[in-house]
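Reader: I am new to this structure. Please take one charged contact, look at it closely, and then lead me from there into the rest of the fold.

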Amino acid sequence: MAAAAQRKNNWFAIGISIAVVVVLVALGAVVVYLNNQANDAGPAPKGDIINSETGAISFGDGDDTVAVYVDFMCPICNDFEQQYGEALQQAAEDGKITLEYHPISILDRFSQGTEYSSRSAGAVFCVAEDAPDKTLKYMESLFTNQPAENTSGLTDDQLADYAKEVGADGAASCIADGTYSKWGVAQAKQHEIAGTPTVEVNGKRLDLQKGELQEMLDVIS
């Protein structure tokens with residue numbers, strides 16, 4: 001009887017061990033799934049002015065390239081655009097530079113859980129894909145109507161309405177579906193963006209706090 005009891009105890013211990021292993025494997029699978037979901041960039045936007053690999057929306061064809069990474073919840077990005085946007089766009093139009101805008105998302109934490117930075121970046125890609133010639137006007141509209149940090153931001157309906165106002169009606173469904181809402185976060189990670197605006201001239205990232213913005217001004221003057 002003692003031997004039978006011992007065998008019973010052994011089988012019980014084995015059963016417990018198997019159950020623990022099964023639970024650990026299941027938890028591991030869940031962790032992998034959640035990590036994959038978090039790192040999933042979603043579909044890549046495409047279009048005549050969109051580089052699906054770098055996330056750049058390009059204007060002009062000049063030899064010098066100025067890349068600007070912006071988050072549409074970022075007030076300093078708005079200030080930068082108000083001060084330099086017109087000159088940058090004019091330089092691109094004049095063929096002096098190739099101007100690249102990179103809508104990215106690093107400030108979702110400041111929109112009360114609505115992920116406004118991600119949604120607004122995605123909305124810009126929707127417009128750039130559907131109506132390339134309306135993209136700059138749409139970006140201007142988002143900055144003009146920029147919500148304050150620590151608010152819920154604009155709704156998807158408002159983002160779509162502003163697209164319609166600039167003539168990009170076809171982008172409305174893309175915005176409503178959140179087609180590219182993951183793209184901004186993915187691009188921020190890909191390009192290692194820690195703060196916005198981030199500016200690069202011919203691939204060199206400028207330190208704006210050290211006055212290196214003059215390098216941008218030199219190529220657009």
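**From a salt bridge to the core**

Author: Lys204 and Glu215 join their side chains in a salt bridge, with 2.7 Å from N to O. Lys204 sits in strand β5 (residues 204-205) and Glu215 in helix α8, so this pair ties together parts that are eleven residues apart in sequence. Keep in mind that the model is predicted.

How open is this pair to the outside? Lys204 has a relative accessible area of 38%. That value lies between 20% and 50%, so Lys204 counts as partly exposed. Glu215 falls in that range too, at 29%, and is therefore partly exposed. In general, side chains of opposite charge can pair when their charged atoms come close.

The bridge has company. The whole structure holds five salt bridges. One of them pairs Glu140 with Lys137, their closest N and O atoms being 3.8 Å apart. Both residues belong to helix α4. They are three residues apart, about one turn of the helix. An α-helix has 3.6 residues a turn, so residues three or four places apart point the same way. Glu140 is partly exposed, with a relative accessible area of 44%. Lys137 is partly exposed as well, at 47%.

Another bridge joins Asp133 to Lys134, and here the closest N and O atoms are 4.0 Å apart. Asp133 is exposed, at 61% relative accessible area. Lys134 reaches 28% and is partly exposed.

Now go back to helix α8 and step inward. α8 (214-220) helps cover the buried residues of helix α2. So which other elements share in that cover? They include β1 (57-59), β2 (64-70), β3 (97-103), α4 (135-144) and β4 (198-201). Note that α4, the helix of Glu140 and Lys137, is part of this cover.

Helix α2 itself runs through residues 75-93. Its buried residues are Cys77, Asn78, Phe80, Glu81, Tyr84, Gly85, Leu88, Ala91 and Ala92. Cys77 has a relative accessible area of 1%, which is under 20%, so Cys77 is buried. Cys74 is also buried, at 3%.

Is α2 straight or kinked? The helix has a kink of about 55 degrees, centred on Tyr84. Its length can be checked too. At 1.5 Å a residue, its 19 residues should span 27 Å, and the end C-alpha atoms are 26 Å apart, which agrees. After the helix comes Gly95, with a positive phi near 80 degrees.

Leu88 leads from α2 into the interior. It is one of six residues that touch the most other members of the largest nonpolar core, a group of 52 residues. The others of the six are Val66, Ile97, Tyr138, Ile175 and Met216. Helix α3 (residues 116-130) gives the most to this core, with seven residues. A second, separate core has five residues, among them Ala67, Ile104, Ala188 and Ile193. In soluble globular proteins, nonpolar side chains tend to be buried together.

Look at Tyr138 more closely. Which residues does it touch, beyond its neighbours within four places in sequence? They are Ala123, Val124, Val127, Leu159, Tyr162, Ala163, Val166 and Ile175.

A covalent link comes next. Cys126 and Cys174 form a disulfide, with their sulfur atoms 2.0 Å apart. Cys126 is in helix α3 and Cys174 in helix α6 (residues 172-177), so many as 48 residues apart. The link is left-handed, with -70 degrees about the S-S bond. Both cysteines are buried. The count for the structure comes to one disulfide.

Helix α3 has another partner. The buried residues of helix α7 pack against α3 and β3. In α7 (residues 183-190), those buried residues are Trp183, Gly184, Ala186, Gln187 and Ala188. Ala188 was named above as part of the second core. Just after α7, Glu192 takes a positive phi of about 55 degrees.

One last pair rounds off the tour. Asp157 is in helix α5 (residues 156-165). It is exposed, with a relative accessible area of 57%. Its C-alpha atom is 7.0 Å from that of Ala176, which sits 19 residues away along the chain.

Conventions:
Residues numbered from 1 in each chain as written. Predicted model: local features only at pLDDT ≥ 70, side-chain atom pairs only at ≥ 80, totals over all residues. Heavy atoms only, no water. Core = buried A, V, L, I, M, F, W, Y, C linked by side-chain atoms within 4.5 Å. Buried < 20%, exposed > 50% of the residue type's maximum accessible area, 1.4 Å probe, protein only. Helix = DSSP H or I, 4+ residues; strand = E, 2+ residues; numbered from the N terminus. Contact = heavy atoms within 4.5 Å. Expected span 1.5 Å × (residues − 1). Bend = angle between axes of the 7 residues up to and from the residue. Disulfide = S-S within 2.5 Å.
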